[in-house]
Amino acid sequence: MADTVLYEVSDGLATITLNRPEAMNALNVAAKVALRDAVRAAADDDAVRAVLLTASGDRAFCVGQDLKEHIGLLAADRENGSGQTMSTVREHYNPIVRAIASAPKPVVAAVNGVAAGAGFGFALAADYRIAADTAAFNTSFAGVALTADSGISWTLPRVIGPGRAMDLLLFPRNISAEEAYELGVVNRVVPGSELRAEAEKVARGLAQGPTVAYAALKESVAYGMSHSLEEALEKEDELQTRAGSSEDHAIAVRAFVNKEKPKYSGR
């Protein structure tokens, strides 16, 4: 992996760290490619049972597109008429969000600072979000005459409702960690000095949990948000059958009967 993104796997947990703190972890092409490849690798690796997505430094989680690089790419597009700069949505942002959202394992986002634009979108794509008390969130897109990407048009209205989502999209502003918690954007707020330890504790706990059941929970919630009750009930039947035939379910039942703590295999 390129050093713009760090990737490490330990005891079933893949830690993916955006590593451009000097640029507030802005996404240049190298970082986008590295992040896409890292998230895909974590999603596809059966040895990985949970993912922690975080960033270096304490100023920013990710401020979205690197506009310094972007302005040069736009100028090149005008010169050669290729118009390829905005293909980054198709080539980078969409695959990153798909990999996070569809990964058959929990993804925890540890938001250590400002999460803006695509950075906000990546955090929203995660299953569980923990923010430092100094973190902030901003949609940013309208501020640079762009529309939503990185899944925000889908995730944000579902998290906070369409009315509030349009407010934040039309009138971008910084949302404090406290307000983000009140809106439901994050699940937990902790002091900045405790963020990494707390996020690792949560993610490692999930990495030791019933992976098949977690994957089914992700799939069932995503399915239920866009289908009827009857269809959701059918999906629950399908997924419960899958979870019920897993090795982890048998382990959990035996442990319950024997009054022991289960040691899951992830299968």
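In this predicted model, Glu200 and Arg196 form a salt bridge in which the closest N and O atoms are 3.0 Å apart. Because the two residues are four positions apart in helix 8, they are separated by about one helical turn. Neither partner of this pair falls in the buried class, since Glu200 has a relative accessibility of 24% and counts as partly exposed, and Arg196, with a relative accessible area of 37%, is also partly exposed. In general terms, side chains of opposite charge can pair when their charged atoms come close.

The structure holds eleven salt bridges, and helix 8 takes part in another of them through Glu198, which pairs with Arg188 at a distance of 2.5 Å between the closest N and O atoms. This pair links distant parts of the chain, as Glu198 belongs to helix 8 (residues 195-207) while Arg188 belongs to strand 10 (residues 188-190), ten residues apart. Both side chains are again partly exposed, with a relative accessible area of 23% for Glu198 and of 27% for Arg188.

A further salt bridge is found between Arg242 and Glu219, whose closest N and O atoms are 3.2 Å apart. Here too the pair links distant parts of the chain, for Arg242 is in helix 10 and Glu219 is in helix 9 (residues 211-224), with their positions 23 residues apart in the numbering. Arg242 counts as partly exposed at 36% relative accessibility, and Glu219 counts as partly exposed at 30%. The contact does not stand alone, because salt bridges that share partners join Glu219, Lys235, Glu238 and Arg242 into one network.

Helix 10, which spans residues 229-244, also contains Glu231. Together with Glu230, Glu234 and Asp237, Glu231 forms a negative surface patch. With a relative accessible area of 37%, Glu231 is partly exposed, and this value therefore meets the requirement that residues of a patch have over 30% relative accessible area.

Turning to the strands, four of them form an open sheet in the order 4-6-8-9, in which the pairing is mixed. The edges of this sheet are strand 4 (60-62) and strand 9 (175-176), each of which pairs on one side only. Strands of a sheet pair through backbone hydrogen bonds, either parallel or antiparallel. Strand 8 (residues 136-138) and strand 9 run antiparallel and are joined by two bridges, and within this part of the sheet Ala136 stands opposite Ser176 of strand 9.

Two residues deserve separate mention for their backbone angles. Most residues other than glycine have a negative phi. Ser150, although it is not a glycine, has a positive phi of about 55°, and its place is in the loop between strand 8 and helix 5 (152-160). Lys259 likewise has a positive phi of about 55° without being a glycine, and is found in the segment that follows helix 11 (247-257). The surroundings of the two residues can be contrasted by their accessibility: Ser150 counts as buried at 1% relative accessibility, whereas Lys259 is exposed, with a relative accessible area of 77%.

Definitions and conventions. Residues are numbered from 1 along each chain as its sequence is written. This is a predicted model: local features need pLDDT of at least 70, side-chain atom pairs count only at pLDDT 80 or more; totals for chains, interfaces and linings use all residues. Side-chain values use heavy atoms; hydrogens and water are left out. Patches are made of residues with over 30% relative accessible area and no salt bridge: like charges are joined within 9 Å, nonpolar side chains (Val, Leu, Ile, Met, Phe, Trp, Tyr) within 5 Å. Accessible areas come from the Shrake-Rupley method with a 1.4 Å probe; for residues, only the protein chains shown count as cover. A salt bridge is a side-chain nitrogen of Lys or Arg within 4 Å of a carboxyl oxygen of Asp or Glu. Lys and Arg count as positive and Asp and Glu as negative; His and the chain ends are not counted. The place of a charge is taken as NZ of Lys, CZ of Arg, CG of Asp or CD of Glu. Buried means under 20% relative accessible area, exposed over 50%, partly exposed in between (1.4 Å probe, protein chains only). Two strands pair if DSSP finds at least two bridges between them.
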